[in-house]
Amino acid sequence: MRERHASQGARRSHEFEAFVAGAAGRLLHAATLLTAEPPDDNPRARRLLTLALAHTYACWDRLRGEDPYHRARQHLATRFARSAWHQYGGLLDRTAPRPGAALGRLSPQERLVLVLRLFEGVGEEQIAALLGLPVDRVRALCHRATTTLLHPPRGPAPAPVAAKVAPS
């Protein structure tokens with residue numbers, strides 16, 4: 001009996017290690033996009049990834065044919081949404097833009113929708129169900145985020161130069 005449990009535990013560990021080897025890089029990249037941190041300095045993204053993988057491992061035996069990547073991505077997204085809500089007082093608040101981070105100009109909710117929709121290829125209906133939003137709202141958030149990225153706000157206009165008048 002003990003040997004059977006040990007072999008099941010070893011099999012479970014090997015399956016999970018193979019999953020992590022294949023999926024961790026992509027999940028970390030998605031988490032880094034969500035947090036708008038630089039790729040080489042992303043402690044919040046790494047924490048999100050660690051929590052998502054720990055949750056996936058905890059329910060590994062109950063997946064029963066469900067895609068573990070989908071489960072990990074779902075946990076990553078909901079964890080990010082929850083932490084953004086608590087950290088920024090609501091998903092509609094904007095975080096301070098980070099230098100060089102284009103996604104830093106977006107609100108956490110816009111970032112979440114944009115990353116899930118465009119980077120992960122998740123359908124609008126699935127995002128709406130995951131976040132508890134109407135599909136039209138998800139569509140509007142994605143459109144606004146895309147527009148913000150494609151047409152960034154310009155800096156202030158240069159000061160007018162006074163024309164020099166030649167003495168007569």
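**Exercise 1.** Does Trp60 count as buried or exposed, and at what relative accessibility?

Solution. The model is predicted, with local features requiring pLDDT of at least 70 and side-chain atom pairs pLDDT 80 or more, while totals for chains, interfaces and linings use all residues. Residues are numbered from 1 along each chain as its sequence is written, and side-chain values use heavy atoms, without hydrogens and water. The classes are buried (under 20% relative accessible area), exposed (over 50%) and partly exposed in between, with a 1.4 Å probe and protein chains only. Trp60 has 12% relative accessibility, so Trp60 counts as buried.

**Exercise 2.** Classify the aromatic pairs of Phe16 with Phe19 and with Trp60.

Solution. Step 1: rings of Phe, Tyr and Trp (its six-membered ring) pair if their centres lie within 6.5 Å; planes under 30 degrees apart are stacked, over 60 edge-to-face, and the rest tilted. This rule gives four aromatic pairs.

Step 2: the ring centres of Phe16 and Phe19 are 6.0 Å apart and the planes meet at 45°, so this pair is tilted. Both residues lie in helix 1 (residues 2–35), three residues apart, or about one turn of the helix; helices are DSSP runs (H or I) of at least four residues, numbered from the N terminus. Phe16 and Phe19 are both buried.

Step 3: Phe16 and Trp60 are edge-to-face, with 5.3 Å between centres and 90° between planes. This pair links distant parts of the chain, 44 residues apart: Phe16 is in helix 1, and Trp60 is in the loop between helix 2 (43–58) and helix 3 (68–88).

Step 4: Phe16, Phe19, Tyr57 and Trp60 form one aromatic cluster.

**Exercise 3.** Which charged end sits over the ring of Tyr57?

Solution. The criterion is NZ of Lys or CZ of Arg within 6 Å of the ring centre and within 35 degrees of the ring normal. The charged end of Arg12 sits over the Tyr57 ring, 4.3 Å from its centre.

**Exercise 4.** Check the span of helix 2 and locate its buried residues.

Solution. Step 1: the expected span is 1.5 Å times one less than the number of residues. For the 16 residues of helix 2 this gives 22 Å, and the end C-alpha atoms are 22 Å apart, which agrees.

Step 2: Ala45, Leu48, Leu49, Ala52, Leu53 and Thr56 are buried in helix 2. Seen down the axis, the buried residues fall within an arc of 125° (taken from the directions from the axis to the C-beta atoms), so they line one face of the helix.

Step 3: the face turned away from the buried side carries the exposed residues Pro43, Arg47, Thr50 and Ala58.

Note on methods: Helix = DSSP H or I, 4+ residues; strand = E, 2+ residues; numbered from the N terminus.
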